[in-house]
Amino acid sequence: MQNEFEQAVAALRAGGVIAYATEAVFGLGCDPDNQAAVQQLLAIKQRPMEKGLILIAADLAQLEAYIDLTQLSAEQRAQVLASWPGPFTWIMPARAHTPDWLTGRFDTLAVRISAHPQVQALCRAFGKPLVSTSANLTGEEPARNIAQIPPGLAEQLAHIQAGEVGGLCNPSEIKDARTGALIRPS
């Protein structure tokens with residue numbers, strides 16, 4: 001029988017949506033390259049596709065297929081890279097082929113390299129980043145532990161990975177890598 005971690009990775013590979021602990025809250029995640037999985041995640045969360053999503057990764061190499069670092073100055077790249085791994089999400093220029101089910105109505109993509117050990121392990125075992133959004137219905141308070149994941153939402157998930165959030169009080173700060181504008185404070 002597979003252990004719980006292997007079940008989470010198998011659920012991702014099968015196109016399922018999972019819940020897992022991040023730096024501050026439980027997140028919902030899926031394969032960013034699987035349109036049906038992303039659409040299922042959006043339906044579960046009741047989030048419109050136009051808003052775009054966040055990708056969470058173990059390292060920069062996992063994000064390079066989705067973002068275009070050449071559109072940032074050396075100073076902008078240095079600022080982004082200095083914040084990772086950590087609870088900092090950056091709005092980055094998306095590659096032309098990055099699908100709109102990730103970018104929404106934008107030509108950018110929100111990305112983060114997490115320092116959370118479980119996120120790192122999931123992304124490494126899966127071999128690429130995960131879509132990452134808080135485990136709650138849009139507009140409601142995010143879950144900070146498994147018990148706080150709403151039952152109606154939990155029933156729709158392929159797997160809930162046991163784990164502890166990283167202890168931050170608020171979800172990750174979001175900044176625009178090109179302008180430095182603060183989109184969401186931490």
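## Salt bridges and sheet packing

Aspartate 59 and arginine 124 form a salt bridge, with 3.0 Å between the closest N and O atoms. Because aspartate 59 lies in the loop between β3 and α3 (60-63) and arginine 124 in helix α6, the pair ties together parts that are 65 residues apart in sequence. Aspartate 59 is partly exposed, at 24% relative accessible area, and arginine 124 is also partly exposed, at 48%. The model is a predicted one, and a search of the whole structure finds 5 salt bridges in it.

Among these is the pair of glutamate 23 and arginine 112, whose closest N and O atoms are 3.3 Å apart. This bridge links distant parts of the chain: glutamate 23 sits in the loop between β1 and β2, while arginine 112 belongs to strand β5, 89 residues apart. Glutamate 23 has a relative accessible area of 8% and is buried, being under the 20% limit. Arginine 112 is buried as well, at 5% relative accessibility.

Another bridge joins the side chains of aspartate 33 and lysine 128, at 2.9 Å from N to O. Aspartate 33 lies in the loop between β2 and α2 and lysine 128 in the loop between α6 and β6, so this pair ties together parts 95 residues apart in sequence. Aspartate 33 counts as partly exposed, at 39% relative accessibility. Salt bridges that share partners join Asp31, Asp33 and Lys128 into one network.

The three pairs described above are listed here.

| Acidic residue | Basic residue | N to O distance |
|---|---|---|
| Glutamate 23 | Arginine 112 | 3.3 Å |
| Aspartate 33 | Lysine 128 | 2.9 Å |
| Aspartate 59 | Arginine 124 | 3.0 Å |

Several of the elements named so far belong to the sheet or pack on it. The sheet is open and has 9 strands in the order β7-β1-β2-β6-β3-β5-β4-β8-β9, with mixed pairing. At its edges stand β7 (159-160) and β9 (182-184); each has a single partner strand, so one side of each is left without a neighbour in the sheet.

Within the sheet, strand β2 (residues 26-30) pairs with strand β6 (residues 130-134) in the antiparallel sense, over 4 bridges. In this pairing, glycine 27 stands opposite serine 134 in β6. Helix α2 (residues 35-45) packs on the sheet and touches both β2 and β6, its direction making about 145° with that of β2. Helix α6 (residues 117-126) lies across β1 (18-21), β3 (54-57), β5 (108-113) and β6, and runs at about 135° to β1. Arginine 124, the partner of aspartate 59, is in this helix.

Conventions: Residues are numbered from 1 along each chain as its sequence is written. This is a predicted model: local features need pLDDT of at least 70, side-chain atom pairs count only at pLDDT 80 or more; totals for chains, interfaces and linings use all residues. Side-chain values use heavy atoms; hydrogens and water are left out. Two strands pair if DSSP finds at least two bridges between them. Helices (H or I, at least four residues) and strands (E, at least two) are DSSP runs, numbered from the N terminus. Contact means heavy atoms within 4.5 Å. Axes are lines fitted to C-alpha atoms, for helices over the stretch in contact, and angles run from 0 to 180 degrees between N-to-C directions. A salt bridge is a side-chain nitrogen of Lys or Arg within 4 Å of a carboxyl oxygen of Asp or Glu. Buried means under 20% relative accessible area, exposed over 50%, partly exposed in between (1.4 Å probe, protein chains only).
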